[in-house]
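Here are a few exercises to work through with the model open beside you. Try each task before reading its solution.

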Amino acid sequence: MAHEEIHSDVHTDAFDPSNVTNPEHAQHHIVTPMQYVLVYVTLLVGTAITVLAAYHDMGVWNPVVALFIACFKACVVVLFFMHAKYQSRLIKMTIGSGFFLFIVLITMTLLDYISRSWGMW
């Protein structure tokens, strides 16, 4: 009885799907080797598409296509190799805020770059 009174304020429900109480104590997800093979094949296909896109002249769209493919491959790596897909919402939000900050910084840099008076110095 004394044992129950000491830990009465601690969450004891074994089934906590959203893992609100202790998100760091989430159950570990077992990734099968087949999933790793699929991710590997996806990254290889992405690399092949990148190489093929480099050989085609798309004008000003070359860097846009290359960055899109690179971002897709980076998302695959973050989701599967870093196991972000299986983490709590807090971890996903932290990763998303990092990407948001990256986009803000790139946008600010590009806005500064295109607002310069090139050739006027």
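**Exercise 1. Work out whether Phe72 is buried or exposed, or falls in between, and place Phe72 in its element.**

Step 1. Phe72 counts as partly exposed because its relative accessibility is 45%; buried means under 20% relative accessible area, exposed over 50%, and partly exposed in between, with a 1.4 Å probe and protein chains only.

Step 2. Phe72 is found in helix H3. Helices here are DSSP runs of H or I with at least four residues, strands are runs of E with at least two, and both are numbered from the N terminus.

Step 3. Now look across to Leu43: Phe72 and Leu43 are 29 residues apart in sequence and 9.2 Å apart in space, C-alpha to C-alpha.

A word on the ground rules: this is a predicted model, in which local features need pLDDT of at least 70 and side-chain atom pairs count only at pLDDT 80 or more, while totals for chains, interfaces and linings use all residues. Residues are numbered from 1 along each chain as its sequence is written, and side-chain values use heavy atoms, with hydrogens and water left out.

**Exercise 2. Find how far Ala70 is from Gly46 in sequence and in space.**

Step 1. Ala70 lies in helix H3 and is partly exposed, as its relative accessible area is 37%.

Step 2. Ala70 is separated from Gly46 by 24 residues in sequence and by 8.1 Å in space, C-alpha to C-alpha.

Step 3. Gly46 is one of the buried residues of H2, along with Val39, Leu43 and Ala53.

**Exercise 3. Compare the reach of H2 and of H3 with the expected spans, then say what covers their buried residues.**

Step 1. The expected span of a helix is 1.5 Å times one less than its number of residues.

Step 2. H2, with 23 residues, reaches 33 Å from first to last C-alpha, close to the expected 33 Å. H3, with 20 residues, reaches 28 Å, close to the expected 28 Å.

Step 3. In H3 the buried residues are Ile69, Lys73, Val76 and Val78. Their cover includes H2 and H4, and the cover of the buried residues of H2 includes H3. Contact means heavy atoms within 4.5 Å.

**Exercise 4. Which residue with a positive phi follows H3?**

Step 1. The residue is His83, with a positive phi of about 60° although it is not a glycine. Most residues other than glycine have a negative phi.

Step 2. His83 is found in the loop between H3 and H4. His83 counts as partly exposed because its relative accessibility is 26%.

**Exercise 5. Describe the lining of the second largest pocket.**

Step 1. A pocket is an open set of points on a 1 Å grid over the protein atoms alone, where a 1.4 Å probe fits, with protein on both sides within 12 Å along at least five of seven lines; lining residues have an atom within 4 Å of a point.

Step 2. The lining is made of Leu67, Cys71, Phe102, Ile103, Ile106, Thr107 and Leu110. Helix H3 (62-81) and helix H4 (89-114) each give two or more residues to this lining, and H4 gives the most, with five.

Step 3. The pocket has a volume of about 190 Å³, taken as the space filled by probe spheres set on the points.

**Exercise 6. Summarise the whole chain and the confidence in it.**

Step 1. The protein chain has four helices and zero strands. Buried residues make up 10% of its 121 residues.

Step 2. The mean pLDDT, the predictor's confidence in each residue from 0 to 100, is 81, and 74% of the residues reach 70 or more.

Step 3. Among the elements, helix H1 (residues 2-6) has the lowest mean pLDDT, 51, and helix H2 (residues 33-55) the highest, 94.
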